Amino acid sequence: MIGLLTVAVLLLMGIAIWQINNIYQLIQNSTSNKRDNSQIATEKDNDTQGKLMFAFLVFIYIVTIYCFWAYSKVLLPEAASEHGVPYDRLLWISFAIILFAQTITQALLHYFAYKYRGINNRKAFFFTHDNNLELIWTVIPAIVFFCLIIYGMLTWSNIMNFNEQDEDAIVIELYAQQWNWKARYGGQDNVLGDANVRFLNDYDGRNSVGIDSSDPNGWDDIVVTQEFHIPVNRKIIFKMRSQDVLHSAYMPHFRAQMNCVPGMITEFSFTPTKTTAEMRMNADVAAKVERINKIRYNKSKELIAKGEEGLDSYQFDYLLLCAKICGTSHYNMQMKIVVDSEKDYNKWISSKEAFSSIMQ
Amino acid sequence: MEGKKDKNPRIRVKMDSTEFGDLLNDGNKSSDFHQEHHHKETFITKYIFSQDHKMIAKQYLITGVLFMGFIGIALSLLFRLQLAWPEESFAVFDIFLGKWAPEGVMDPNIYLALVTIHGTIMVFFVLTAGLSGTFSNLLIPLQIGARDMASGFLNMVSFWLFFLSSAIMLSSLFVEAGPAAAGWTIYPPLSALPQAQSGSGMGMTLWLISMAIFVASSLLGSLNYIVTVINLRTKGMSLFRMPLTIWAFFVTAIIGVISFPVLLSAALLLIMDRSFGTSFFLSDIFIQGEVLHYQGGSPVLFEHLFWFLGHPEVYIVLLPALGITSEIIATSSRKPIFGYRAMVASIIAIAFLSTVVWGHHMFISGMNPFLGSVFTFTTLLIAIPSAVKAFNYITTLWKGNLQFNPGMLFSIGLVSTFITGGLTGIILGDSTLDINIHDTYFVVAHFHLVMGISALYGLFAGVYHWFPKLFGRMMNKNLGYIHFWITAISAYGVFFPMHFIGMAGLPRRYYTNTAFPYFDDLADINVVITLFALLAGAAQLVFLYNFIASMFFGKVAEQNPWRSNTLEWTTPVKHLHGNWPGKIPHVHRWAYDYSKPGQKEDFVSQIVPIGENEEISEH
């Protein structure tokens, strides 16, 4: 593919240079100030360009088909959260509609360009307007968009208007800073203690998310770094905070994203439906991991040949990334998310130390 | 004031210039209107501090489009190299980035700066000032039948403020700690705190000053356009006889006047926060081991203010391009534009809706989800007038007699990318779907196609079409064809695959994807994109060459090379101050009587009176 493209680039550049030379010659021959119409499209130009327009339609179709064929495999695997299923359904319905509209309109546009390419002495059809036609293409998109709007709004309010008082939900704070993430659990009482950046320097800076030690709710809070665990099929309510600049907590496999804004607490909620282990068994994920490891293996060989260290092999994990520009290491602000069974989750969380151990 | 045609204007001018040389400066060499006002123009009054709208249009074209455009595109090629071959050493980085690329490897900070300045230059300097500045200035007086803008002086001031703001923006590339690097949207606190990012020091100060001046320039320009269109139309040029270009420029100027001041206020408040310790946008910040004093502000407020301009801005960029396209597609199809009134209505509808959709940039900013529903509703509404425009363009081609000059190719290209990019807007405008593709490459692909590429195509179409009016010469058509086809192929080559990277979950503005093994299999796609981007960049050199060569050596143009109806083609090829040597022509019909039955030619200029048995075209 790349070889082919390089050849195409060189070829086109060659043509460009040749044409530039041609025009230079022409300029040399005629710098007289006589008016001339040689730079206006002739019948022959219309013919060539009209045919190229048709070829371009074919090109657009080929690019579309090629991209779907070759790149579908890099897309995100099936959603790992409850609301991700209706999300994906809405996404693919919208895609079906826009691909349909795209195929038809591009065809009409380029086919008309080809079909009606100019011929000398032919007169165009004088056609100023047609209210019926215009009504049709105002009303049809309006109906389609109206349905999409209703469908989208319903899905949106289902996702965003979650019950905050849900006893069964686990509350987790995602805490963003340049350039890492921390997660805080409510502990035994599942209630997050008050927090503010003004407490960050307490306890020699070990109060890493600024918990207010005068609020008893915070004493049993648990702060973790590098990775956080959540149990499968339990609703999670995320509360997002940032201590410095805007960040965005992006968890693509769960179809979840929310900005982290200094000075305020933002929220998002989802219910994970697939454990990390289950997701690793997913056929798409397994194929992707295999591809990635092949790429990494080849890269490692090159690196080792150069006397550098090779790359580790990769296994799939859910990710929390930063999606809002936040400075130098924006590109490397990550945290691993592990979706466990309820049992494993309880085991993991009970091994973590609460804030009270720092307070002593 | 308007005298008879003089047999030998040169002698008359010479006489006038000796008599009135120092009184007024709107004289010219070959016209005999205002003959009592002539004086000899110096180089400075003609080429530098010119008040002539045609010269100012050229000044905008050369500074805004050619110069700033060249820089904007070059910056994008630099960061595309880094994205395709991350952390590799390139000699070109070493040369252009110096200390920001130790041993030729790009530094993450300068990557963000390049992205930021590329966005700023392309959106504001090239596509706002360059596009509107060139074509509103050139075409408004010429197409409505006016001698010049309502205020030539304000017009001149507007250009020079733009020039100053360009100079300041470019100078920020050379400051010690680097230029602004917080993204072109400059969200605080990142843009407010030098501790957060090196580019938020002097670089950001210069960015803000430059943009404040830019807003002033834009306002002066827009007010001038509005006043000129309202007041200076020639006799017979009723609103519904105006060409669609003028409608587009007029409405664009109005939304500019409504929304740009809000950007200025956002910039001023940000300057206050940065320099005078206020807390409009900042609260509860801990950075570099220190709690800052800011309390009570909100970055979300800035987002509201920014996008109150930022979204109409998209249409400030796009509407003039659509206006230009309407004109060129009608002329080159030798057919009236289909549904003229629907086109006008959709321009107005788009402009109105554009000011109430800004929240779709903020679905997941932390604002109330209910607002998300409201903005989804208004956003998807805007798709309706856009669809009407697309269908009307297509119908205009139907049963036409298409003349494929380069301007026409770019106009059809615009319709194509406008559809492709517009359709993905249906996905992004839906608050639900935005959750998972917000701030990914899907967004980058979408807005580049729908506003970047489309507006650039409109710009190129305009340059090819009105080059004869700007410089009295023709651009070379074969180079134009080459320019179009390479650009069209590479534009889709760049942005089509980019949607897939975004849907794979890759956030934008990442210096490299290698920090996440999960994205390793996107590396090949990034290489493809960069190769197409380099190809597209090379194609622009063909245009640059064609432009400069044709300016000096191009074939001398006929008066009306495209056989067009509009008034600008009734002026002489050679520019003269005041545009028409004699009286301003009166207008008797709309601008789109192409291939009208019963007429000898396939075009009827707007200045031709309605014939005895002729039906007035109902439109």
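Visitor: Which residues does A:Trp156 touch, not counting residues up to four places away in sequence?

Guide: Its partners are B:Pro369, B:Gly372, B:Ser373, B:Thr376, B:Ser431 and B:Thr432. Touching here means being in contact, with C-beta atoms, placed from the backbone, within 7 Å. Bear in mind that this is a predicted model: local features need pLDDT of at least 70 and side-chain atom pairs count only at pLDDT 80 or more, while totals for chains, interfaces and linings use all residues. Residues are numbered from 1 along each chain as its sequence is written, and chains are lettered from A and ligands numbered from 1 in the order in which they are written.

Visitor: Why is A:Trp156 called buried?

Guide: Count the neighbours: 24 other C-beta atoms lie within 10 Å of A:Trp156. Buried takes 20 or more other C-beta atoms within 10 Å, exposed means 12 or fewer, and partly exposed is in between, with C-beta atoms placed from the backbone. With 24, A:Trp156 therefore makes the grade. A:Trp156 sits in helix α4 of chain A; helices (H or I, at least four residues) and strands (E, at least two) are DSSP runs, numbered from the N terminus.

Visitor: What does α4(A) give to the side of chain A that touches chain B?

Guide: The most of any element, with 15 residues. Over the whole interface, 119 residues of chain A are in contact with 126 of chain B. The chain A side divides into 69 nonpolar, 35 polar and 15 charged residues. For those classes, Ala, Val, Leu, Ile, Met, Phe, Trp, Tyr, Cys and Pro are nonpolar, Asp, Glu, Lys and Arg are charged, and the others, Gly among them, are polar.

Visitor: How do you know that chain A is more spread out than a compact globule?

Guide: Chain A has 8 helices and 10 strands. Its radius of gyration is 30 Å, well over the 21 Å from the globule rule for 360 residues, so chain A counts as more spread out. The radius is taken over C-alpha atoms, and the rule is 2.2 Å times the number of residues to the power 0.38.

Visitor: What makes β6(A) largely enclosed by the rest of the structure?

Guide: 5 of its 5 residues are buried, so that's how it earns the description. A:His247, A:Ala249 and A:Met251 are on one side, and A:Ser248 and A:Tyr250 on the other. In a regular strand, side chains alternate between the two faces of the sheet.

Visitor: How do you know that β6(A) and β7(A) pair?

Guide: Pairing needs at least two bridges found by DSSP between the strands. β6(A) and β7(A) have 5, in the antiparallel sense. β6(A) and β9(A) qualify too, with 2 antiparallel bridges. A:Tyr250 has A:Gln257 in β7(A) as a bridge partner, and stands opposite A:Leu321 in β9(A). The β6(A)–β7(A) hairpin has 4 residues between its strands, and A:Arg255 in the turn has a positive phi of about 55 degrees.

Visitor: How do you know that the span of helix α12 of chain B agrees with 1.5 Å a residue?

Guide: The expected span is 1.5 Å times one less than the number of residues. For the 15 residues of α12(B) (383-397) that gives 21 Å, and the end C-alpha atoms are 22 Å apart, so the two agree. α12(B) is mostly covered too, with 15 of its 15 residues buried. After α12(B) comes B:Lys399, with a positive phi near 60 degrees.

Methods
Two residues are in contact if their C-beta atoms, placed from the backbone, lie within 7 Å.
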